[in-house]
Amino acid sequence: MRQTLLLCSFLVLLLQVHVKAQSTLYQRGTEIAFQDALELYTKGQYAASKMELARLAEVDLSENREIERQYYYASAALKTENPDGEIMLEKFVLDFPDAPLRNKAAMELGNHFFAAKNYPKAIESYRKVATETLYGPEKAEVLFKTGYSFFQLKNYKESLAYFEQSKRFRSEFLADSYYYAGYVYMDQNDDEKAIADFKEAEKAAAYAGKVPYMLASIYYRKKDFDALIAYVPTVMQRQGLEKKESIQLLLAEAHYARENYNEAASNYMAFVQAKKGSLTREQQYKAGVSHYQTGKFGDASNFFKEVALQNDKLGQVSSYYLGHSYVKLNNPQFASNSFANAYKSDHDAQIKQEALFNYAKVNLERGSFQDAVSALDTYLQSYGSGPHAKEAEILLSDALINTNNYLRAIEHMDKITNKSDRIKSAYQKVTFYQAMVYYRDKKYPAALQLLNKSQTQPADRSLLVQSQFWKAEIHAASGNLPEAIKAYQAVLALKPPAQDPHLIKTHYGLGYAYFNSENYPAAETQFKQYTDKLRGARENQNYEDALLRLGDTYYVQKKFNDALEAFNRAIRENNSAADYAYFRAGVIHNFENRNTQAIDQLDRVINGFPESRYVEDALFQKAQIQMEMTRYADARNGFSALISSRPNSPFIPFALEGRAVANYSLQEYEGAIGDYKRILDDHPNSANVDAALVGLQESLTLQGRAGEFSNYLSTYKKANPGSNSLQVLEFENAKNLFFSQSYEAAIRAFESYLRSYPNVVQASEVRFFIGDAYLRLGDKDKALEYFYLIENVSDVALRNRAVQRIGSLEFEKGNFKKSIPYFRLISKNARTKIEEYDAFQGLMNAYFSIERYDSALIYSDNIIQLGEVTPDALPKALLVKGKASKALGQLEEAKRAYESVYRDFKTIQGAEALYLLALQLHEAGQFSESNELIFNQSQPFGAYDYWYGNQFILLAKNYMKLGETFQAKATLESVVENSTNNLVKEEASKLLRSIN
């Protein structure tokens, strides 16, 4: 049994050894499999490792190996982006809190979330790492990444604690920890700690390019400008420097704060030129100041004008600086707008006051006297005790002299009780200048009143002479010859220098005043002095006309030799009115019974000047001389030539009479009878009707036809009743009503007259009066109806008057083509310069209105050749010439015409011409040239608000094309504020809205 027991025991032992041997062999195979799976993991073959580890889950592993297997399986799943990887790894951390691999799993999970920027999960995972068990780099990594995750979540307070712990370890995260800790300290305004940490971070290459901007920002924030200025130059050449331009901007700000304007300006400009960002408005202002202080006024203006666009305190001071910049750049117009903008702003009272004074000064310097006067006046009213008050008073007196708003200047000076010598001098001038404006506009009483005012302050003797001369001219223009003579004599009494131009003009004016008063000896004296002084002068003014009038004074006094010498002198000197001189020479020879010489002189008119106004006179005079010489046939031919070539001549009834007498003398009685009858039939109102009746009676009697005469005599008596008849009284009464301006009553009286006496010889004249009365009442259609009734009457003078009215009225109604034939008739029948001018002006304007520009040019040139027939004749003609030339594409011709108008005539035509030429330059893309023209020439036209305002609207449009938005805006605001013309204000407002 013992043996059996021993045998059993042996068998059991043997079995145990066998089993144990089998178990060891199994375990050794599983370990190999585990190590193989781990080797695959180590080599990064996570998918294969994961598969092997999954198979090992089916065998029994030791507890440690199973824990390890679960970790590596979960890790491999995470690394292969298996959706369950995160869950398995998180589960592992929770299931095995004491496992050695737990920290590793938590770190791996944290790094996974960190890499995915899932910072809340990263923090959760890192916090499960037992950092107290970690050392060196691993601990630094966990601490930094935890801190960085908090940092990214803006939880700077939590992040800082981790960064501070991480900074204790020398690791790859040391520089990062310093950098982000510095950032947090900077955010918390703990500048000293931030600076210290950033300087540590800066030692690393990774942060050498990042830290300088941070440090520069901190230095700037804490206003440690010296530190900033010292630090930045040491890093500006550093490779990889980030935000270099922003660092330069901070450096510029620091230099500005230390008033190092040169360095500030260069750094501001470097930032701008880099085009990596934009300056704030405050920085633009500082950049402007820096450039201004260093004399770079062009760059300064570019900064200031952007800031000045807004209406706030910064905009106001920028506008003020901008004004000074433009003064330095010699751009007074821009300076004016800039100071005006600063003055209009109320944010800084001191700047407002200074801007107003500088606005006044710059406008005075640039010749904009009206604006200067207004500004200085405002300054003295608002800041009478201001620092510039005395200087403003002096400047105001200068401005008042030169302003073209003379009425405002006069009003201002009238209020000054104790006028200084400067103001008195200015008063004498501006009252004179405004008087000249009134004279130009034919407002003679107002002109005289101001000339009298000017003479109350006779500071300038030369101006006193001028004012007295123009008083005489006004009286002469008003037809008051006695007063004109007194005024001219007063000029002589002032004893100006012999060559004083107004004294010379006085001789001419006084000569005419005496001449028209029939005081020919006195007229002779004045015309002789005038012509003697101007003979051979380059600018001989009215010398040619005065020489002819001198001849006329000799002629009227029967000083024929002197008269002949005067007219021959005019001929020798190629006087433009040589035709008149030849005619007068012929008349003088006739008086001296030197008829051959007389006819020779008259023939020179007839043959040498076929278009002369004196051809008719010469033809008639020659025929008369031939009658005196009993050369009846020649005389008859002469009269016939006049009658056939000049059918509308006022000489026709007298030429008919002369031819009738010639025929009578030649015993050609039928011819005589025919001519006498034509006088009676066609010219019943002529002065020689009575002579025609006598001649007709004699001629008919000689022909044995005396009975025919009684019929003519009866008709004549009916048409021409005696002066005491009721018919004459009614006619005179109607005319009296007309001349007393009782036009409606006059029309009724004339119409009643025609009903009572329908066949009266004055019927056509009556119809003319009715038409003229309707015209004066404003009923142009009714007026035309009557004028058309007499356009073909035989009375030449009356017909010409009717034709003139028809042409003018049709033009006014817009019937330009219809008016043209009538203006042509007027031009053909004109016997004076003024009649020619009226006709040429009508033709010029009519052709321009129907766009027949070539014809308009012809008649504008005709008017120009006539000269100053009226004060506005030349500017009107030149203006149309400019417009017509422009329409024809003749731009240089247009330019010359416009220039002639605005340079020589400070009238409304000059204002329009200046605008049109500036517009022509604008249309050609010459915006700066257009502006320069307006700057230099617009000042004298301020009184013509429509054109003056449009000039400045055009100025604003030019600014817009040139990119000068500030100047455009300032200009338009000024137009809206100052213009008195609603159309101009509306246009400026519309354009201003488009800018805003």
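This is a dialogue between a biologist and a modeller on how to read the features of a predicted model.

Biologist: Before I look at single residues, how many helices and strands does the protein chain have?

Modeller: The protein chain has 54 helices and 0 strands. Its radius of gyration is 55 Å, well over the 30 Å that the globule rule gives for 996 residues, so the chain is more spread out than a compact globule. Along the principal axes, the C-alpha trace spans about 215 × 65 × 55 Å.

Biologist: What share of the 996 residues counts as buried, given that overall form?

Modeller: Of the 996 residues, 51% count as buried. As for contacts between residues at least 6 apart in sequence, 52% of them join residues at least 24 apart. For one pair of positions, take Leu 94 and Asn 996, which are 902 residues apart in sequence and, from C-alpha to C-alpha, 67 Å apart in space. Leu 94 belongs to helix α4, which covers residues 85-95, and with a relative accessible area of 59% Leu 94 is exposed.

Biologist: Let me turn to charges: how many salt bridges does the structure hold, and what should I look at in one of them?

Modeller: The structure holds 62 salt bridges, and for each I would read the distance, the places in the chain and the accessibility. Arg 221 and Asp 191 meet through their side chains in a salt bridge of 2.4 Å, N to O. This pair links distant parts of the chain, 30 residues apart, with Arg 221 in helix α12 (residues 211-221) and Asp 191 in helix α10 (residues 191-201). Arg 221 is partly exposed at a relative accessible area of 37%, whereas Asp 191, at 13% relative accessibility, counts as buried.

Biologist: Where do Lys 276 and Glu 245 lie, and how far apart are the closest N and O atoms of their salt bridge?

Modeller: In the salt bridge of Lys 276 with Glu 245, the closest N and O atoms are 3.8 Å apart. Lys 276 lies in the loop between α15 (261-274) and α16 (281-293), and Glu 245 in helix α14 (residues 244-257), so the pair ties together parts that are 31 residues apart in sequence. Here Lys 276 counts as exposed at 61% relative accessibility, while Glu 245 is buried, with a relative accessible area of 18%.

Biologist: Are the partners Asp 872 and Lys 876 buried or partly exposed?

Modeller: Asp 872, at 27% relative accessibility, counts as partly exposed, and Lys 876 is partly exposed as well, with a relative accessible area of 29%. Their salt bridge has its closest N and O atoms 3.2 Å apart. Salt bridges can also be read as a network, and here Glu 90, Lys 121, Glu 124 and Lys 128 are linked in one.

Biologist: What do I make of Glu 354, and which side chain of opposite charge is nearest to it?

Modeller: Glu 354 is buried yet has no salt bridge, and the nearest side chain of opposite charge is that of Lys 361, 8.6 Å away. Glu 354 lies in helix α20, residues 349-365. Apart from neighbours within four places in sequence, the contacts of Glu 354 are Tyr 320, Pro 387 and His 388. Gln 353 is found in helix α20 too, and at 10% relative accessibility Gln 353 counts as buried. With neighbours within four places again left aside, Gln 353 is in contact with Tyr 379, Tyr 383, Gly 386 and Pro 387.

Biologist: How is a pair of aromatic rings described, and how many such pairs are there here?

Modeller: A pair of aromatic rings is described by the distance of the centres and the angle of the planes. A search of the whole structure finds 78 aromatic pairs. In one of them, the rings of Phe 583 and Tyr 614 have centres 6.3 Å apart and planes at 15°, so this pair is stacked. Phe 583 lies in helix α32 (residues 578-591) and Tyr 614 in the loop between α33 (595-608) and α34 (615-628), so the pair ties together parts that are 31 residues apart in sequence. Phe 583 counts as buried at 7% relative accessibility, whereas Tyr 614, at 21%, counts as partly exposed.

Biologist: Which ring does the charged end of Arg 584 sit over?

Modeller: The charged end of Arg 584 sits over the ring of Tyr 555, at 4.9 Å from the ring centre. Elsewhere, Lys 352 lies over the face of Tyr 343, 4.4 Å from the centre of the ring.

Technical notes: Residues numbered from 1 in each chain as written. Predicted model: local features only at pLDDT ≥ 70, side-chain atom pairs only at ≥ 80, totals over all residues. Heavy atoms only, no water. Helix = DSSP H or I, 4+ residues; strand = E, 2+ residues; numbered from the N terminus. Buried < 20%, exposed > 50% of the residue type's maximum accessible area, 1.4 Å probe, protein only. Lys, Arg positive; Asp, Glu negative; His and termini not counted. Salt bridge = Lys/Arg side-chain N within 4 Å of Asp/Glu carboxyl O. Contact = heavy atoms within 4.5 Å. Phe/Tyr/Trp six-rings, centres within 6.5 Å; stacked < 30°, edge-to-face > 60°. Lys NZ or Arg CZ within 6 Å of the ring centre and 35° of its normal. Rg over C-alpha atoms; globule rule 2.2 N^0.38 Å.
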